[in-house]
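Here's a protein chain to look over together. Take a moment with the picture, then read on.

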Amino acid sequence: MLKIGIFPASGGLGLSIINHLLNLVPASQLVFIARQSEKLAKFSRIGVTIRKADYDHPETLENAFTGVDVLMLISYASVEIEYRFEVHKQAIIAAHRSGVSHIFYSSLAFGGNCERTSVCHVMGAHLATEEYLATELPKSMTYTAIREGLYSDLFSVYLAMFDPLNPVEEITIPHPGSGPGIAWAKRDELGEATAKLIVLYTQNPRTFRFLNQELLLSGPEALSLEETVQVLGRAIGRHIEIREISADEYASLPQVRKAFTYHGVNLAKEYTTCWEAFRRGETSVVSPLLEEILGREPERFETTVRGMLEG
């Protein structure tokens, strides 16, 4: 029985993955690792091993993966490149030292159909990590990089922090709203599919079809930003429009500056490269793989949004 480790296990995607894993494998097979491990204490009562580790403190990673055979490495939460890649690298090195044989890595669905380039700044650390996994892993290790679709339940990140509960009639972004679009995917369905992929690997590592590959999990349809806003308008019963502004103007919006400051450095301007990636169609690829793994059609964006508002 291969031991499965999840790190970090207490964030949004991590919690989704672990909840689905608990429905698929015995709790004794699981190791949940997080900076705030106390948030996971309840799982220890059902047989899960809980450990404390922190990307920002590499020394805590040295023993975090002991006894783990398969590690789900969830990316560091920021839009930095150098720092983010470095902490990923240190975690991978620690995993190798601990005897991990396979790493699943949560990448992001920019770059079209798993192309190795992107104009999007936030994709930089993911591409660097994918390259490291592809070229620097020792022969004793394999990997699978999962390009997780852009979360339909976090649409506000790409719409100037739009809040459906306190809506504005005009959304100002560095984009006119036209296509190509975004193949939005529900985060919990990405977590479910990721959990199922992990279990598929543990059942027969040698025949796992995604060894040493990048794969794309995206939603069932690509919506332009204008169509996305129209869905939001229908859901809340208000007319909403997009007004295009410059990248500099967008980066200076207070809510944007606040959201994209890391280690004292503001990266709001760098983040505006997301909209250039949208223009180039980097997020418009609709892959059938999410539906294949789930065994059902993934939830459409409008369904997710209406469910959020009802909740």
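What follows is a short tour, from the domains to the spaces around them and on to some local details.

Keep in mind as you look that this is a predicted model. Let's begin with the overall layout. The domain assignment splits the chain into domain 1 (4–151 + 184–217) and domain 2 (154–180 + 221–284 + 299–310). Between the C-alpha centres of domain 1 and domain 2 there's a distance of 27 Å. Where they touch, 22 residues of domain 1 and 23 residues of domain 2 take part in the contact.

How much area do domain 1 and domain 2 bury between them? The size of an interface is often given as the accessible area lost when the parts come together. Here domain 1 and domain 2 bury about 1,900 Å², with 65% of it on carbon and sulfur atoms. On the domain 1 side, it's Val-79, Val-119 and Trp-184 that lose the most area to domain 2, together making up 39% of what that side buries.

Charges come into the picture too. Side chains of opposite charge can pair when their charged atoms come close. The interface of domain 1 and domain 2 has one salt bridge across it, while the full count comes to 19 salt bridges. Try finding the one formed by the side chains of Arg-116 and Glu-214, at 3.1 Å from N to O. This pair ties together distant parts of the chain: Arg-116 is in the loop between β5 and α4 (124–136), Glu-214 is in strand β8 (residues 213–217), and the two are 98 residues apart. Another salt bridge to look for joins the side chains of Glu-299 and Lys-186, at 3.4 Å from N to O.

Now for the open spaces. The largest pocket has a volume of about 980 Å³. It's lined by 37 residues, and the closest to its centre are Ser-75, Tyr-76, Ala-77, Ser-78 and Arg-84. Sorted by class, the pocket lining has 19 nonpolar, 11 polar and seven charged residues. Both α1 (12–21) and β5 (102–108) supply at least two residues each to the lining of this largest pocket. Domain 1 and domain 2 each give at least three residues to that lining.

What about closed spaces: how many cavities of 30 Å³ or more does the count give? There's one, with a volume of about 60 Å³. Among the residues lining this largest cavity are Ala-109, Leu-150, Ile-182, Leu-216, Glu-282 and Val-285. The cavity lining has six nonpolar, four polar and one charged residues. As for where they come from, domain 1 and domain 2 each contribute at least three residues to the lining of the largest cavity.

Last, some backbone details. Most residues other than glycine have a negative phi, and most peptide bonds are trans. That's why a few spots in this chain deserve a second look. Phe-7 and Pro-8 are joined by a cis peptide bond, with omega at about -15 degrees, and Pro-8 sits in the loop between β1 (4–7) and α1. Gly-179 and Pro-180 are also joined by a cis peptide bond, with omega at about 0 degrees. You'll find Pro-180 in the loop between β7 (170–173) and α5 (187–203). Finally, Ala-160 isn't a glycine, yet its phi is positive at about 55 degrees. Look for Ala-160 in the loop between β6 (142–148) and β7.

Notes. Residues are numbered from 1 along each chain as its sequence is written. This is a predicted model: local features need pLDDT of at least 70, side-chain atom pairs count only at pLDDT 80 or more; totals for chains, interfaces and linings use all residues. Side-chain values use heavy atoms; hydrogens and water are left out. On a 1 Å grid over the protein atoms alone, a cavity is a set of points where a 1.4 Å probe fits but cannot get out, and a pocket is an open set with protein on both sides within 12 Å along at least five of seven lines; lining residues have an atom within 4 Å of a point. Grid points are joined across faces, edges and corners, and a volume is the space filled by probe spheres set on the points. Ala, Val, Leu, Ile, Met, Phe, Trp, Tyr, Cys and Pro count as nonpolar, Asp, Glu, Lys and Arg as charged, and the others, Gly among them, as polar. Domain bounds come from an automatic or database domain assignment. Helices (H or I, at least four residues) and strands (E, at least two) are DSSP runs, numbered from the N terminus. Contact means heavy atoms within 4.5 Å. Buried area is the accessible area (1.4 Å probe) that two parts lose on being put together, summed over both. A salt bridge is a side-chain nitrogen of Lys or Arg within 4 Å of a carboxyl oxygen of Asp or Glu.
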